[in-house]
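Got your viewer open? Let's take a walk through this one together, picking out a few residues at each stop.

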Amino acid sequence: MHLLQNLVQMTGQRDHLRLELSVLSTFLQLPHITNVRALELLKLGDQYWVRPRTWYEAGQLVAAEQDFANDAQRIPLQALPHLQACIAHKAQQAQHSDAHQHTIWLPVWMHEQVHVCIEITQSEPFNTHNLDVITGVFNVYQNYQSLLDYSERDALTDLLNRKTFDEHLLRFASAVSMQTEIQPWLAVIDIDHFKLVNDRFGHLFGDEVLILVANLLRSAFGPRHRIFRFGGEEFVVLMPPMAKESAQASLEAFRAMVARHDFPQVGQVTVSVGFAGAKLCSPVEILGQADQALYYAKEHGRNRVCHFESLQDQGLLGGSQVSHADVELF
């Protein structure tokens, strides 16, 4: 009965992290289980790393607060050889037992990739009934994760959609370092003269341009970034903590990549970019700052990257009005 109540609670979640905490809580209700963790996997450089993202500690479930790259708990994936082999062979689970404990790893496969794995440790060996219950709960969790992911994606480009933005931004903003020059960044990207593309070539080719730009965004920015389609020809990228020069260099590289790309039938397409520091303030305020930088880029030649704070320091923004969705900022 308790298990059913936990499943009901789990499928009532509308957020990936809360859902993750809920499934770990459900597993803790099962007999013999001594520990549960959700492990996050990420490729940094040419090596895969793993770190606990949520886990059970001192009688409660906790979540990691550090950015992945700065988390002292991360270890190379090869330090968990059974999990590494499981992922390499695209298996559904891996097990390992020693004299003191028994562990099972259940990777969450989405889009042929694994970014999260559930790790369950118990004091007794896994038997058939035990495994059936664990895999049953896990399959409910994985299916619901897929449904959540589908609801958060833009239908055309498969990027994250607008409704998921606020929560992602708050998580990025909370990673602001004590070093003010190292911080997360928010970039607003707009395709130049996109209306002319639709008018001249038709919406079918316009949609193809959007899909190709989305693919270029995915290739230009790694898994630590979050990429959104806000609607129309506008995209937003949340960038993890880094120096302003690094953020600008990445955005310039993407702008140049788009300008070099040959879009079928359409030919050359360019983008304008505005970006600002994703500090701990309201999403509307941060978006407004990046929008003002974007507006300046479009008014001063397009096909360029502009930084809000630099424009502000130079007194170049004036009192220009910038509109974003249904909010007007001055």
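**Stop 1: a pair of helices**

Helices H6 and H7 are oblique to each other, because angles that are neither under 35 degrees, nor over 145, nor from 65 to 115 count as oblique. Keep in mind as you look around that this is a predicted model. To find the pair, select residues 194-201 for H6 and 203-220 for H7. They pack at an angle of about 140 degrees, and their axes are 7 Å apart. Two packed helices are described by just that kind of angle and distance between their axes.

Now show the side chains where H6 and H7 meet. From H6, pick Phe194, Val197, Asn198 and Phe201; from H7, pick His203, Phe205, Gly206, Val209 and Leu210. What classes of residue make up the contact of H6 with H7? There are 6 nonpolar and 3 polar residues, and no charged ones.

**Stop 2: salt bridges**

Time to look for charged partners. How many salt bridges does a search of the whole structure find? It finds 12.

Start with Glu119 and Arg37: their closest N and O atoms are 2.7 Å apart. Glu119 sits in strand S7 (residues 113-122) and Arg37 in strand S1 (residues 33-44), so this salt bridge ties together parts that are 82 residues apart in sequence. Is Glu119 buried or exposed? Glu119 is buried, with a relative accessible area of 6%, whereas Arg37 is partly exposed at 23%.

Next, select Glu40 and Arg51, another salt bridge, with the closest N and O atoms 2.9 Å apart. Glu40 belongs to strand S1 and Arg51 to strand S2 (residues 47-57), so the pair ties together parts that are 11 residues apart in sequence. Glu40 is buried at 13% relative accessible area, and Arg51 is buried too, at 7%.

Stay on Arg51 and add Asp71. These two also form a salt bridge, at 2.8 Å between the closest N and O atoms. Asp71 is in the loop between strand S3 (60-63) and strand S4 (75-76), 20 residues apart from Arg51 in strand S2. Asp71 counts as buried, with 7% relative accessibility. Now select Glu20 and Arg53 as well: together with Glu40, Arg51 and Asp71 they are linked in a network of salt bridges.

**Stop 3: a histidine in a loop**

Jump to His225, in the loop between H7 and strand S9 (226-231). His225 is buried, with a relative accessible area of 15%. Which residues does His225 touch, not counting those up to four places away in sequence? Select Val237, Leu238, Met239, Pro240 and Met242 to see them.

**Stop 4: aromatic rings**

Last stop: a search of the whole structure finds 6 aromatic pairs. Zoom in on Phe165 and Phe230, whose ring centres are 5.2 Å apart and whose planes are at 80 degrees, so the pair is edge-to-face. Phe165 is in helix H5 (residues 165-173) and Phe230 in strand S9, 65 residues apart. Phe165 counts as buried at 0% relative accessibility, and Phe230 counts as buried at 14%.

Then try Trp185 and Phe275, an edge-to-face pair with 5.7 Å from centre to centre and 65 degrees between the planes. Trp185 lies in strand S8 (residues 182-191) and Phe275 in strand S11 (residues 271-277), 90 residues apart. Both Trp185 and Phe275 are buried.

To finish, go back to Phe165 and Phe230 and add Phe228: these three form one aromatic cluster.

Technical notes:
Residues are numbered from 1 along each chain as its sequence is written. This is a predicted model: local features need pLDDT of at least 70, side-chain atom pairs count only at pLDDT 80 or more; totals for chains, interfaces and linings use all residues. Side-chain values use heavy atoms; hydrogens and water are left out. Axes are lines fitted to C-alpha atoms, for helices over the stretch in contact, and angles run from 0 to 180 degrees between N-to-C directions. Helices (H or I, at least four residues) and strands (E, at least two) are DSSP runs, numbered from the N terminus. Contact means heavy atoms within 4.5 Å. Ala, Val, Leu, Ile, Met, Phe, Trp, Tyr, Cys and Pro count as nonpolar, Asp, Glu, Lys and Arg as charged, and the others, Gly among them, as polar. A salt bridge is a side-chain nitrogen of Lys or Arg within 4 Å of a carboxyl oxygen of Asp or Glu. Buried means under 20% relative accessible area, exposed over 50%, partly exposed in between (1.4 Å probe, protein chains only). Rings of Phe, Tyr and Trp (its six-membered ring) pair if their centres lie within 6.5 Å; planes under 30 degrees apart count as stacked, over 60 as edge-to-face and the rest as tilted.
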